[in-house]
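Notebook open, coffee poured. I want to go through the strand pairing in this one and then see how the helices sit.

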Amino acid sequence: MLDITCETRGGMLVAHLSGRIDAAASRAFEEQALAWLETGNRDLVMDLSSISYISSAGLRVFLLIAKKLKEAEGSVKLCALTPAVNDVFEISGFSRLFSIYPSLEHVT
């Protein structure tokens, strides 16, 4: 299960994600992310400090978000990746595609 709470900090939408981003949760995550973009949010920060697992379906959603924001001249930043999630980003090569910060305080 994936829980998402949002706040605005310094003009950026900060999404705090917790739980698992697996195949079952990735569809809802994608719908939520697209809704953020449709409302005009162009600078997103994803706090992954409470994510215990991410599947390839979850990685696909991050890639979709990055592509849509690049087209809109926006950005997505990731922060506070847990060791397990960081390993997935490193192994998949996604760590080279995203700006990743050690904590939310380093981003905002």
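Started at the beginning of the chain. I looked up the partner of L2 and found it opposite G19 in β2. A little further on, D3 stands opposite S18 in β2. For E7, the bridge partner in β2 is V14. Note to self: this is a predicted model, so I'm reading computed geometry here.

Next I checked the pairing as a whole. β1 and β2 are antiparallel and share eight bridges. Their hairpin has two residues between the strands, and in it I found G10 with a positive phi near 55°.

Then on to the next pair. Parallel or antiparallel for β2 and β3? Parallel, with eight bridges between β2 (residues 12-21) and β3 (residues 43-54). I looked up how the chain gets across: it leaves β2, passes through α1 and arrives at β3, a β-α-β crossover that is right-handed. Two pairs I jotted down: L13 sits opposite L44 in β3, and R20 sits opposite Y53 in β3.

L44 turned up again on the β4 side, where V76 is its bridge partner. β3 and β4 (residues 75-79) run parallel and are joined by five bridges. Here the chain goes from β3 through α2 to β4, and I logged this β-α-β crossover as right-handed too.

Stepping back to the full sheet. What is the strand order? I get β1-β2-β3-β4-β5, an open sheet of five strands with mixed pairing. The edges are β1 (2-9) and β5 (99-101); each has a single partner strand, so one side of each is left without a neighbour in the sheet. On twist, I noted that neighbouring strands are turned by 25° against each other on average, ignoring direction.

Which strands does α3 touch? I found α3 (residues 83-92) packed on the sheet, touching β3, β4 and β5. The direction of α3 makes about 110° with that of β3.

Last job was the helix pair. The axes of α1 (residues 23-38) and α2 (residues 56-71) come within 8 Å and cross at roughly 15°. I'm counting angles under 35 degrees as roughly parallel, and α1 and α2 are therefore roughly parallel to each other. The handedness of that crossing is right-handed.

I also pulled the residues where these two helices meet. On α1 the list is A23, S26, F29, E30, A33, L34 and L37. On α2 it runs A57, G58, R60, V61, F62, L64, I65, K68 and L69. Sorted by class, this contact has 11 nonpolar, two polar and three charged residues.

Wrap-up for the page: mixed pairing in an open sheet of five strands, right-handed crossovers through α1 and through α2, and α3 packed on the sheet.

Methods:
Residues numbered from 1 in each chain as written. Predicted model: local features only at pLDDT ≥ 70, side-chain atom pairs only at ≥ 80, totals over all residues. Heavy atoms only, no water. Axes fitted to C-alpha atoms, helices over the stretch in contact; angles between N-to-C directions. Helix = DSSP H or I, 4+ residues; strand = E, 2+ residues; numbered from the N terminus. Parallel < 35°, antiparallel > 145°, perpendicular 65-115°, else oblique. Left-handed = near helix turned anticlockwise from the far one by under 90°. Contact = heavy atoms within 4.5 Å. Nonpolar A, V, L, I, M, F, W, Y, C, P; charged D, E, K, R; others polar. Pairing = 2+ DSSP bridges. Right-handed = clockwise from strand over helix to strand, strands pointing away.
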